[in-house]
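Dear colleague,

I am handing over the structure below for your consideration. My notes on what was found in it follow directly after.

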Amino acid sequence: MIGLISGTSMDGIDVAVADLSINGDVVELVPVQCAEHPFPKDLLEKPRDLAEVCAFDTSLGQAFGEVAAGYLPADLISSLGQTVHHEVQDGDCLGTLQLGQPAWIAERTGVPVIADLRVRDVAAGGQGAPLASTLDALWLAGESTAIALNIGGIANITVVRPGTPPIAYDTGPGNALMDAVMEVISDGQRRQDTNGEFARRGVVREDILKKLLADPYYSKPWPKSTGKELFNAEYLQGFPTVPAEDMLRTLAELTARTIADACRAHDASTVVASGGGMRNPVLVEALTKALDPIPLKISDSLGLPRDGKEAYLAALLGFLTWHGISGNTPSATGASGPRLLGSITPGNGPLRLPEPVTGPVSKLKVGEPKWLD
């Protein structure tokens, strides 16, 4: 399996290669390879009209196909694509749009492609996110109130507690607001505060943080999801003008506190984190402090690389669909029931799906990695 995704930060195309198999109600995932490839620079701006939507969909599909071709042979490719719009009104997700046309991936590789994985959950009344809840619930099954955390552009958690259905939702901004500030102050030359270089020199402005924490999103009940439609550069307009370093440090604290508040609300015994936000030492330090005494672990310690976990999620979701197994978690997304996710684009030959698996799966076993150079 090859899994592909470009997250809300649009800072790269993540790819993961995994051997996946199923034995009874256990799925085994053996990590083989994961990497990040540069996001096409000419696609960094979201499309604004139909011509741009068409060009973006085509060009990103071609870019995904080129990345995947470098990791062949494979039996199946699964792509979560690039979210360009996620429409939520009054707590309901009305639609979601992921681009990166899978036909171009199939044409370049000759391999069947499963894509457009979110919209079926939305059609069933769900938020279409966070789909990471599916991997997290299986991966952390048996743990004592463990929370899986992913910090991308948006931060999301999955609460896994023995004997109860998992809960998952977006806690609020991850890197999105910090990235927006960096892009503004650098005139588009920098899209992130690499290694927390700027935030490290700043101080938390408690007056601004208090106003940020008053956003009604944080008090909304779950399931809930959000995106850059809310947390973007315009969102920060109207706040006092302060040095960029202070704003970045304050936004790092906002991300840390809103995540920690959510984790405490569920009496977490441990938090297992992944995603690009874990590369920012200022954010990690703030989060560690905000969570204390709840321990913060990195997903690598449980076998899934922090930078590749979302791409492994894409691979898992495609694998489940291929075997006739539902890929959403209704208690997490709010969907009316379990659903097979995505659409299948054939490769060079006719489609030959395996016999559907009868019964649900209950656990994901991460096998010993067999890394390739």
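Trp222 counts as partly exposed, since its relative accessibility is 39%, in a model that is predicted. Its ring partner Tyr169, by contrast, is buried, with a relative accessible area of 5%; the cut-off for buried is under 20%. The ring centres of Tyr169 and Trp222 lie 5.3 Å apart and their planes meet at 5 degrees, so the pair is stacked; planes under 30 degrees apart are counted in that way. The pair connects distant parts of the chain, as Tyr169 belongs to strand 9 and Trp222 to the loop between helix 6 and helix 7, with 53 residues separating them. Trp222 is also joined to Pro223 by a cis peptide bond, with omega about 0 degrees. Pro223 is likewise placed in the loop between helix 6 and helix 7.

Aromatic contacts elsewhere

A search of the whole structure returns five aromatic pairs. Tyr217, Tyr218, Phe231 and Tyr235 are linked by ring pairs into a cluster. One ring of that cluster, Tyr217, also has a lysine over its face: Lys224, at 4.5 Å from the ring centre. A second such arrangement involves Lys211, which lies over the face of Phe239 at 4.7 Å from the ring centre.

Nonpolar cores

Which residues have the most contacts inside the largest nonpolar core? They are Leu149, Ile157, Leu212, Leu236, Leu251, Cys263 and Val271, in a core of 48 residues. At least two residues of this core come from each of strand 7 (146-151), strand 8 (154-160), strand 9 (167-173) and strand 10 (270-274), and likewise from each of helix 5 (176-185), helix 6 (206-213), helix 7 (244-265) and helix 8 (281-291). Helix 7 gives the most, with 10 residues. Leu236 may serve as an example of the contacts: beyond residues up to four places away in sequence, Leu236 touches Leu177, Val181, Leu212 and Leu251. Another core, of 37 residues, lies apart from this one and includes Val27, Leu313, Leu317 and Ile325.

Two buried residues in strands

Leu29 lies in strand 3 (residues 26-37) and is buried, with a relative accessible area of 0%. Leaving aside residues up to four places away in sequence, Leu29 touches Ala18, Asp19, Leu20, Leu304, Tyr312, Leu364, Lys365, Val366 and Gly367. As an indication of distance across the model, Leu29 and Gly202 are 42 Å apart in space, C-alpha to C-alpha, and 173 residues apart in sequence.

Thr270 is found in strand 10. Is Thr270 buried or exposed? Thr270 has a relative accessible area of 10% and is therefore buried. With residues up to four places away in sequence again left out, the contacts of Thr270 are Thr145, Ala146, Ile147, Ile294, Pro295 and Lys297.

Helix packing

Two packed helices are described by the angle between their axes and the distance between the axes. Helix 1 (residues 50-69) and helix 2 (residues 102-109) pack at an angle of about 35 degrees, and their axes are 7 Å apart. The crossing of helix 1 and helix 2 is right-handed. On the side of helix 1 the contact is made by Thr58, Gly61, Gln62, Phe64, Gly65, Glu66, Ala68 and Ala69, and on the side of helix 2 by Trp104, Ile105, Arg108 and Thr109.

Backbone geometry

In addition to the cis bond between Trp222 and Pro223, a cis peptide bond joins Ala129 and Pro130, where omega is about -10 degrees. Pro130 lies in the loop between helix 3 (119-123) and helix 4 (132-139).

Positive phi values should also be noted. Asp116, a residue other than glycine, has phi near 55 degrees. Asp116 is found in the loop between strand 6 (113-115) and helix 3 and is partly exposed, with a relative accessible area of 34%. Asn195, which is not a glycine either, has a positive phi of about 60 degrees. The loop between helix 5 and helix 6 holds Asn195, and Asn195 is exposed, with a relative accessible area of 54%; exposed here requires over 50%.

Yours sincerely

Note on methods
Residues numbered from 1 in each chain as written. Predicted model: local features only at pLDDT ≥ 70, side-chain atom pairs only at ≥ 80, totals over all residues. Heavy atoms only, no water. Core = buried A, V, L, I, M, F, W, Y, C linked by side-chain atoms within 4.5 Å. Buried < 20%, exposed > 50% of the residue type's maximum accessible area, 1.4 Å probe, protein only. Helix = DSSP H or I, 4+ residues; strand = E, 2+ residues; numbered from the N terminus. Contact = heavy atoms within 4.5 Å. Phe/Tyr/Trp six-rings, centres within 6.5 Å; stacked < 30°, edge-to-face > 60°. Lys NZ or Arg CZ within 6 Å of the ring centre and 35° of its normal. Axes fitted to C-alpha atoms, helices over the stretch in contact; angles between N-to-C directions. Left-handed = near helix turned anticlockwise from the far one by under 90°.
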